[in-house]
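Dear colleague,

I am passing on a structure that I have been going through, and it is inserted just below. My notes on what I found follow it, arranged by topic so that you can check each point against the coordinates.

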Amino acid sequence: MKPFKKLLAVFQRRRLDAEMAEEMRQHLERRTQANVAAGMSPAEARFAAQRQFGGADQLKEVAREQRGVRWAEDLARAVRHSVRRLSKQPGFTATVLAILALCLGANIAIFAVVDAILLRPLPFPAS
C-alpha cells in the first residue's frame with residue numbers, strides 16, 4: 001500500500017470495514033450456495049461454509065493490520081478517550097493546563113537568559 005493510501009485509510013476506516021464485511025458476506029454466501037448445490041440443507045450449508053471460512057473476526061483483524069496504519073488508529077482512539085475524560089473533569093483540566101503553561105513559560109524565559117548570556121558572543125571585540 002502506498003503511503004498516501006495508508007494515510008487515507010485512517011480516515012476511511014468505516015468505509016473500508018464495511019467493504020470488507022460485504023466481501024466476506026458474499027464469500028460466505030457463495031460457499032453456502034456451493035454447499036447447497038452439493039446436496040446439503042440450507043442450514044447445514046451455512047454452518048459448513050462458516051466452518052470452512054474460519055473466524056471472521058480474526059480475518060478482519062489480520063486485514064486491518066495489513067493496512068499498516070494500526071498505530072494511527074490506536075493513537076486517534078487514545079486522543080478521543082483522553083479528550084472525553086478531560087471534558088468530564090473541567091477543574092482538573094484547567095489545573096493541568098495552567099501548570100503546563102507556567103512550565104512552558106519558565107522554560108522559555110530560562111532559555112532566553114541562557115541564550116543571551118552564554119550562547120551568544122558578547123557585543124565587543126575580544127570578548
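Helix 2 is followed by Gly39, a residue whose phi is positive, near 110 degrees. Please keep in mind throughout that this is a predicted model.

Helix 2 itself runs over residues 13-37, and its 25 residues reach 36 Å from the first C-alpha to the last, which is close to the 36 Å expected at 1.5 Å a residue. Its buried residues are Leu16, Asp17, Met20, Met24, Leu28, Thr32 and Asn35, and several of these names come back in the next two topics.

The core

The largest nonpolar core is made up of five residues, namely Met20, Met24, Leu28, Ala49 and Phe53. Helix 2 and helix 3 (42-53) are the elements that give two or more residues to this core, and helix 2 gives the most, with three residues. As general background, nonpolar side chains in soluble globular proteins tend to be buried together.

The pocket

Which residues line the largest pocket? The lining consists of Leu16, Glu19, Met20, Glu23, Met24, His27, Phe53, Leu59, Ala63 and Arg67, and the space in this pocket comes to about 230 Å³. The elements that give two or more residues to the lining are helix 2 and helix 4 (56-67), with the largest share, six residues, coming from helix 2. In terms of residue character, the lining divides into six nonpolar, one polar and three charged residues. Met20, Met24 and Phe53 appear in the lining of the largest pocket and also belong to the largest nonpolar core.

The salt bridges

How many salt bridges does the model contain? The count comes to four, and I describe three of the pairs in detail here.

Glu19, which also lines the largest pocket, forms a salt bridge with Arg15, and the closest N and O atoms of the pair are 2.4 Å apart. The two residues are separated by about one helical turn, because they stand four residues apart in helix 2. Glu19 has a relative accessible area of 41% and is therefore partly exposed, and Arg15, at 41% relative accessibility, likewise counts as partly exposed.

Glu29 forms a salt bridge with Arg25, with the closest N and O atoms 2.7 Å apart. Since Glu29 and Arg25 are four residues apart in helix 2, about one helical turn separates them. Glu29 counts as partly exposed at 38% relative accessibility, and Arg25 is partly exposed as well, with a relative accessible area of 38%. This pair is part of something wider, in that Glu22, Arg25 and Glu29 are linked in a network of salt bridges.

Asp74 forms a salt bridge with Arg77, where the closest N and O atoms are 3.0 Å apart. Both residues lie in helix 5 (residues 70-88), three residues apart, which corresponds to about one turn of that helix. Asp74 is partly exposed, with a relative accessible area of 34%, and Arg77 counts as partly exposed at 40% relative accessibility.

To draw the topics together, helix 2 gives three residues to the largest nonpolar core and six residues to the lining of the largest pocket, and it also holds the Glu19 and Arg15 pair and the Glu29 and Arg25 pair.

With best regards

Methods
Residues are numbered from 1 along each chain as its sequence is written. This is a predicted model: local features need pLDDT of at least 70, side-chain atom pairs count only at pLDDT 80 or more; totals for chains, interfaces and linings use all residues. Side-chain values use heavy atoms; hydrogens and water are left out. A salt bridge is a side-chain nitrogen of Lys or Arg within 4 Å of a carboxyl oxygen of Asp or Glu. Buried means under 20% relative accessible area, exposed over 50%, partly exposed in between (1.4 Å probe, protein chains only). On a 1 Å grid over the protein atoms alone, a cavity is a set of points where a 1.4 Å probe fits but cannot get out, and a pocket is an open set with protein on both sides within 12 Å along at least five of seven lines; lining residues have an atom within 4 Å of a point. Grid points are joined across faces, edges and corners, and a volume is the space filled by probe spheres set on the points. Ala, Val, Leu, Ile, Met, Phe, Trp, Tyr, Cys and Pro count as nonpolar, Asp, Glu, Lys and Arg as charged, and the others, Gly among them, as polar. The expected span of a helix is 1.5 Å times one less than its number of residues. A nonpolar core is a set of buried Ala, Val, Leu, Ile, Met, Phe, Trp, Tyr and Cys residues joined through side-chain atoms within 4.5 Å.
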